[in-house]
Amino acid sequence: MEQESELVTGEAVVLDVRAAKLASRGLAMMLDVALQLIALVVAMLVLSQVAAFGDEALALTLFLVTVVLIMVGYPVTFETLTRGRTLGKMALGLRVVRTDGGPVRFRHALVRGLAGFFIDFWALGMLGVVAVVTSLLSPNGRRVGDYLAGTLVIRERMPAARTPYVGMPPQLAHWASQLDLTRLSNDLALAVRQYLSRTSELRPEAVEALGYGLAQQVAAAIGAPVPPGVPSWAYLSAVLAERRLRDQAKLQPAVQYGPAPVPAAPGHPAAPGQAYPQAAVQPGQAAPVAQPEAPSAPVPENPFAPPG
């Protein structure tokens with residue numbers, strides 16, 4: 001059974017993540033142990049050649065060192081190089097992170113590896129009994145090594161959510177059309193899109209904090225601060241929607257518009273490449289009266305007003 005876990009970042013923002021429980025962690029551990037046993041068998045075959053020459057003490061010493069290196073070095077090396085994933089965790093879609101949501105480093109992986117060998121599983125762990133009991137008693141499925149290292153195992157593979165359409169707030173359409181978006185990087189635009197797609201899944205305080213941080217980054221990139229009275233999500237939606245409109249305009253082919261053709265009189269076809277002549281006013285007919293242009297829509301006094 002998996003449930004959401006609350007992680008608090010250094011900026012006091014609560015993150016909702018999916019903590020991996022005993023079943024998924026146990027299956028990942030079984031895959032890792034199988035790979036470690038294969039490595040041990042290969043090491044024993046190599047060391048048996050050393051013992052064949054009569055130096056059994058050296059062979060025994062090398063075997064013990066090899067066991068420690070494989071059982072401890074395997075998880076420490078992989079979790080350090082891959083930022084929290086062993087081969088078994090990769091197969092199950094798991095990752096080790098710090099309790100503040102950040103990636104683990106060598107010291108976290110080393111503490112977890114040593115605790116796993118001496119306490120959780122092998123030396124004093126009674127073949128994993130200590131790890132199983134601790135994980136069952138922990139609300140987030142943490143073992144002794146996780147408590148000592150300050151880490152947590154989470155699930156990375158979540159059901160793909162449908163990305164909502166990012167629309168243009170009507171109050172900000174005119175303002176956004178005057179922005180210079182050439183310095184808005186693709187990575188920052190992707191981060192904004194991911195934030196806007198997850199606003200319904202995050203807590204209100206997390207939405208406000210993350211939106212404010214992204215809005216400040218976007219404002220620094222495009223040189224346009226957030227207008228007064230506009231929430232961060234509306235500001236980001238306007239910028240992203242305007243960027244999408246401009247990208248779509250670049251993909252459309254340019255269309256040349258010329259004067260509207262007028263049908264020629266019978267027997268006088270227009271020459272190729274020439275516009276049709278305007279029809280002359282016949283005697284006795286009133287000249288056409290120009291229709292007054294429709295008044296343009298009034299511009300809102302405050303285009304930065306937040307959407308209703």
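Helix axes here are lines fitted to C-alpha atoms over the stretch in contact, and the angle between two of them runs from 0 to 180 degrees between N-to-C directions. With that in hand, let us walk through this predicted model, starting with three helix pairs and moving on to the spaces between residues.

Two packed helices are described by the angle between their axes and the distance between the axes. The table gathers both values for each pair.

| Helix pair | Axes come within | Crossing angle |
|---|---|---|
| Helix 8 and helix 10 | 10 Å | roughly 125° |
| Helix 9 and helix 10 | 9 Å | roughly 40° |
| Helix 2 and helix 4 | 8 Å | roughly 150° |

**Helix 10 and its partners**

The axes of helix 8 and helix 10 cross at roughly 125°, and these two helices are therefore oblique to each other. Their crossing is left-handed. On the helix 8 side, the contact involves Asn-186, Ala-189, Val-192, Arg-193, Tyr-195 and Leu-196, while helix 10 brings Trp-233, Leu-236, Ser-237, Leu-240 and Arg-243. Sorted by class, this contact of helix 8 with helix 10 holds seven nonpolar, two polar and two charged residues.

Helix 9, which spans residues 204-222, crosses helix 10 at roughly 40°. That angle makes helix 9 oblique to helix 10, and the crossing is left-handed. Here Gly-211, Tyr-212, Leu-214, Ala-215, Val-218, Ala-219 and Ile-222 of helix 9 meet Ser-232, Tyr-235, Leu-236 and Val-239 of helix 10. The contact of helix 9 with helix 10 comprises nine nonpolar and two polar residues, with no charged ones. Leu-236 is worth a look on screen: this residue takes part in the contact with helix 8 and also in the contact with helix 9.

**A cavity by helix 8 and helix 10**

The structure holds one cavity of 30 Å³ or more, and the space in the largest cavity is about 30 Å³. Its lining consists of Leu-184, Ala-189, Val-192, Val-218, Leu-236, Val-239 and Leu-240. Helix 8 (186-197) and helix 10 (232-251) each supply at least two of these lining residues, and helix 10 gives the largest share, three residues. By class, the lining has seven nonpolar residues, no polar and no charged. Several names recur from the helix contacts: Ala-189 and Val-192 belong to the contact of helix 8 with helix 10, and Val-218 to that of helix 9 with helix 10.

**Helix 2 against helix 4**

In another part of the chain, helix 2 (residues 56-81) and helix 4 (residues 106-120) cross at roughly 150°. The two are therefore roughly antiparallel to each other, and their crossing is right-handed. Helix 2 contributes Val-68, Met-71, Val-72, Val-76, Glu-79 and Thr-80 to the contact, and helix 4 contributes Phe-106, Ala-109, Leu-110, Arg-112, Gly-113, Leu-114 and Phe-117. This contact has nine nonpolar, two polar and two charged residues.

**The second largest pocket**

The second largest pocket has a volume of about 500 Å³. It is lined by 31 residues, and those closest to its centre are Arg-25, Met-29, Lys-89, Phe-121 and Arg-143. Helix 2 and helix 4 appear again here, as each supplies at least two lining residues, and so do helix 1 (22-52) and helix 5 (129-137). The largest share of this lining, nine residues, comes from helix 1. By class, the pocket lining divides into 17 nonpolar, eight polar and six charged residues.

Methods: Residues numbered from 1 in each chain as written. Predicted model: local features only at pLDDT ≥ 70, side-chain atom pairs only at ≥ 80, totals over all residues. Heavy atoms only, no water. Helix = DSSP H or I, 4+ residues; strand = E, 2+ residues; numbered from the N terminus. Parallel < 35°, antiparallel > 145°, perpendicular 65-115°, else oblique. Left-handed = near helix turned anticlockwise from the far one by under 90°. Contact = heavy atoms within 4.5 Å. Nonpolar A, V, L, I, M, F, W, Y, C, P; charged D, E, K, R; others polar. 1 Å grid on protein atoms, 1.4 Å probe; cavity = no way out; pocket = protein on both sides within 12 Å on 5 of 7 lines; lining within 4 Å. Points joined across faces, edges and corners; volume = space filled by probe spheres on them.
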